[in-house]
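Subject: Structure handover and notes

Dear colleague,

I am passing on the structure below, followed by an account of what was found in it. Please read the notes with the coordinates open beside them.

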Amino acid sequence: MSLAIDLASWACLVTGSAFAIVGGIGIVRLPDFYTRLHGGGITDTLGAGLVLVGLMLQAGLSLVTVKLVMILFLLWVTSPTSAHALAKSARTNGLEPLIAPDGKPGDAGGAKWST
Amino acid sequence: MFTVAIAAILATMTLALVRAALGPTVFDRILAVNMFGTKTVLLIAVMAFLSNRTDFLDLALLYALVNYVGVIALLRLFRLGGLADPVDGGEG
């Protein structure tokens with residue numbers, strides 16, 4: 001039984017780590033801000049969720065699990081909120097999404113807000 | 001196995017820092033810093049289990065809170081040009 005729980009916990013940790021790295025690659029490689037927002041989102045939901053569930057399986061039923069659930073809840077509430085606020089702020093400040101009907105990369109309107 | 005998770009989280013943090021350094025718009029930088037903060041929370045949580053000091057989880061909770069408040073404050077600063085409420089009923 002303990003071995004089964006360990007295996008499940010390791011599977012969760014490794015899968016969560018893989019999702020985190022995929023999101024990290026996405027945030028570097030994707031072409032414009034709104035797609036990068038999508039790449040950042042996966043690390044906050046699936047990556048953090050699976051890693052914390054893996055830690056919960058290691059901890060068993062105790063106060064530690066309660067704290068992990070609180071962290072997970074906080075991340076899952078605040079991360080979409082801040083992503084939404086970021087996207088809305090970018091949109092109202094005139095950052096256009098990258099749209100290329102001809103299949104060629106276009107100007108994403110980033111010149112105004114480049115720093 | 002915790003070491004694998006820590007290595008992956010550190011790699012993700014590095015990639016987020018790359019985007020924060022490159023990143024052509026200011027929103028990209030805020031997104032990258034937000035992601036870095038979330039990964040810090042995860043890193044502290046896994047480190048707590050690796051070193052058998054689970055009281056570190058309180059620090060992780062605190063980091064999650066501070067990170068969220070920080071991002072919202074940054075966006076507000078960016079939108080309004082200051083952290084205070086507009087005095088004469090401007091946009092809010």
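Helix α1 of chain B, residues 2-22, is a good place to begin: its 21 residues reach 30 Å from the first C-alpha to the last, close to the 30 Å expected at 1.5 Å a residue. Please keep in mind throughout that this is a predicted model.

Within α1(B), the buried residues are Ala5(B), Ala8(B), Ile9(B), Thr12(B), Met13(B), Leu15(B), Ala16(B) and Arg19(B). They lie on the same side of the helix, because the arc that they cover around the axis is only 160°. An α-helix has 3.6 residues a turn, so residues three or four places apart point the same way. The other side of α1(B) carries the exposed residues Thr3(B), Ala7(B), Ala21(B) and Leu22(B). As for what covers the buried residues of α1(B), the cover includes α1 (2-29) and α2 (33-59) of chain A, together with α2 (26-50) of chain B.

One residue of chain A that touches this helix is Ile21(A), which, once its neighbours within four places in sequence are left aside, is in contact with Ala8(B), Ala11(B) and Thr12(B). Ile21(A) itself sits in helix α1 of chain A. Is Ile21(A) buried or partly exposed? Ile21(A) has 18 other C-beta atoms within 10 Å, and because burial needs 20 or more, Ile21(A) counts as partly exposed. Ile21(A) and Ile42(A), although 21 residues apart in sequence, are 9.9 Å apart in space, C-alpha to C-alpha.

Turning to chain A as a whole, its secondary structure comes to three helices and zero strands, and its elements run α-α-α from the N terminus on. Of the 115 residues of chain A, 35% count as buried, and among its contacts between residues at least 6 apart in sequence, 54% join residues at least 24 apart.

The helix α3(A) has 30 residues and reaches 43 Å from its first C-alpha to its last, which is close to the 44 Å expected at 1.5 Å a residue. Its buried residues are Lys67(A), Leu68(A), Ile71(A), Leu75(A), Thr78(A), Ser79(A), Ser82(A), Ala83(A), Leu86(A) and Ala90(A). Just after α3(A), Gly94(A) takes a positive phi of about 90°.

The contact between the chains takes 41 residues from chain A and 39 residues from chain B. On the side of chain A that touches chain B, α1, α2 and α3 of chain A each supply at least two residues, with the largest share, 14 residues, coming from α3(A). By kind, the residues of that side divide into 25 nonpolar, 13 polar and three charged.

Finally, the largest nonpolar core has 46 residues, and those with the most contacts inside it are Val51(A), Ile71(A), Val41(B) and Ala45(B). The elements that give two or more residues to this core are α1, α2 and α3 (63-92) of chain A, together with α1, α2 and α3 (56-80) of chain B, and the largest share, twelve residues, comes from α2(B). Leaving aside its neighbours within four places in sequence, Ile71(A) is in contact with Leu52(A) as well as with Val41(B), Ala45(B), Leu57(B), Ala60(B), Leu61(B) and Ala64(B).

With best regards

Notes: Residues numbered from 1 in each chain as written. Chains lettered and ligands numbered in written order. Predicted model: local features only at pLDDT ≥ 70, side-chain atom pairs only at ≥ 80, totals over all residues. Helix = DSSP H or I, 4+ residues; strand = E, 2+ residues; numbered from the N terminus. Expected span 1.5 Å × (residues − 1). Buried ≥ 20, exposed ≤ 12 C-beta atoms within 10 Å, placed from the backbone. Arc of directions from axis to C-beta. Contact = placed C-beta atoms within 7 Å. Core = buried A, V, L, I, M, F, W, Y, C linked by C-beta atoms within 7 Å. Nonpolar A, V, L, I, M, F, W, Y, C, P; charged D, E, K, R; others polar.
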